[in-house]
Amino acid sequence: MVGQKRFSKAVVIIGFLLPSLAGLLLFQLIPMLSSAVISFTNWDLLTPAKFVGVDNYTEALQDEKTLTSLKSILQYILGYLPSVLAFGLLFAVLLNRKLRGIKLYRIFIFVPVITSWVAVSIVWRWLLNGQSGLINYLLSLIGIQGPVWLQDFVWAMPSIIAVSVWKDIGYVTVILLAGLQDISDDYYEAATIDGAGGFQQFFRVTLPLLTPSIFFVLVISLINGFQLFDQVLVMTGGGPAGQTSTLVQQIYGNAFQSYKMGFASAQSWILFVIIFAVTIVQQQLQKRWVTYDR
């Protein structure tokens, strides 16, 4: 009798999990395993695949475009990550206050997050247009000659970073705001009794207790940063002269424009290894600065 109940319970559980497991298997696990196999072949989608061993990986690691794209990603992360964390924390602190209409402010700051990257990129490409863009027009009103933002070697990547921060700041704010609201008022009351001022409370109470949320945002933002693609494809196309080209864009171009499926698969697995290694390092380092006791 007990065995039948357990069996029936297991069947019900499997029944509920089966749709999700089927989707996971068909659209994630099987494609991942297939790409791993394809990465060891030379395949153009038309002719039979030819096994080439690790040649694709060797070529990818020596390819100048691959190395340039990795440098672009590093430049993007170094500019994007501190900015989105700083502004996200600032807005989270401001939106954590009990102000009139605070829910409306929270909605406004989150709207860019739910907007399509393609739509956002098209709008910003117009705003940053060097000849007819709104931003350069506004700068001209105060006597400043704006650059050709998206075609300028200096300003192309900072423009991508600025747009990315603008769009993602709402997501970071919501995560950090949830972390702030999870901090008990008892800590602040105790700090006030000990004579701690506002700044001391922020740096000695708020930030240490907010580190789990900051760590989560850091991990997710880094993973997303390594996969930078949509805004680059629409706004700059990787230009000027490959200055904003990213590894995901290289993978897309090699796979669906040059039909070098094996080489593109090898690049994707190199990217996976980089992201996995960075995440493991973060997991180890978080033991030194993340505070989970509340």
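Biologist: Why is the crossing of α11 (247-256) and α12 (261-289) called left-handed?

Modeller: Left-handed here means that the near helix is turned anticlockwise from the far one by less than a right angle, and clockwise would make it right-handed. α11 passes α12 in the anticlockwise sense, hence the label left-handed. The helix names come from DSSP runs (H or I, at least four residues; strands are E, at least two), numbered from the N terminus.

Biologist: Before we go on, what kind of model is this?

Modeller: A predicted one: local features need pLDDT of at least 70 and side-chain atom pairs pLDDT 80 or more, while totals for chains, interfaces and linings use all residues. Residues are numbered from 1 along each chain as its sequence is written, and side-chain values use heavy atoms, with hydrogens and water left out.

Biologist: What makes α11 and α12 roughly antiparallel?

Modeller: They pack at an angle of about 160 degrees, with axes 8 Å apart. Axes are lines fitted to C-alpha atoms, for helices over the stretch in contact, and angles run from 0 to 180 degrees between N-to-C directions. Roughly parallel is under 35 degrees, roughly antiparallel over 145, roughly perpendicular 65 to 115, and the rest is oblique. So α11 and α12 land in the antiparallel class.

Biologist: Which residues in α11 and α12 meet?

Modeller: With contact meaning heavy atoms within 4.5 Å, Leu247, Val248, Gln250, Ile251, Asn254 and Ala255 in α11 meet Met261, Phe263, Ala264, Gln267, Ser268 and Leu271 in α12. That set divides into 8 nonpolar, 4 polar and no charged residues. Nonpolar covers Ala, Val, Leu, Ile, Met, Phe, Trp, Tyr, Cys and Pro, charged covers Asp, Glu, Lys and Arg, and polar covers the others, Gly among them.

Biologist: Then why are α2 (residues 55-62) and α12 called roughly perpendicular?

Modeller: Their angle is about 70 degrees, with the axes 9 Å apart. That value sits in the perpendicular window, so the label follows. The α2 and α12 crossing is right-handed. Asn56, Tyr57, Glu59, Ala60 and Leu61 in α2 touch Gly262, Phe263, Ala266, Gln267, Trp269 and Ile270 in α12. By class, this contact has 7 nonpolar, 3 polar and 1 charged residues.

Biologist: How do you know whether asparagine 56 is buried or exposed?

Modeller: Buried is under 20% relative accessible area, exposed is over 50%, and partly exposed is in between (1.4 Å probe, protein chains only). Asparagine 56 has 8%, so it is buried. Leaving out residues up to four places away in sequence, asparagine 56 touches Ile38, Ser39, Phe40, Thr41, Gly262, Phe263 and Ala266.

Biologist: What makes the reach from asparagine 56 to serine 39 a polar contact?

Modeller: The side chain of asparagine 56 comes to 2.9 Å from the backbone oxygen of serine 39. A polar contact is a pair of N or O atoms within 3.5 Å; within protein, one must be able to donate a hydrogen and the other to accept it, and residues adjacent in sequence count only if both atoms are side-chain atoms.

Biologist: Why does threonine 246 count as buried?

Modeller: Its relative accessibility is 0%, so it falls under the buried cut-off. Threonine 246 sits in the loop between α10 (230-235) and α11. Among its contacts beyond four places in sequence are Ser69, Ile73 and Val232.

Biologist: What stands out in the backbone at leucine 45, tyrosine 259 and proline 240?

Modeller: Leucine 45, in the loop between β1 (41-42) and β2 (50-51), has a positive phi of about 75 degrees without being a glycine. Tyrosine 259, in the loop between α11 and α12, has a positive phi of about 60 degrees, again without being a glycine. The peptide bond from glycine 239 to proline 240 is cis, with omega near -5 degrees, and proline 240 lies in the loop between α10 and α11. Most residues other than glycine have a negative phi, and most peptide bonds are trans.

Biologist: Why are leucine 45 and tyrosine 259 called partly exposed?

Modeller: Leucine 45 has a relative accessible area of 41% and tyrosine 259 has 43%. Both values fall in the in-between band, so both residues are partly exposed.
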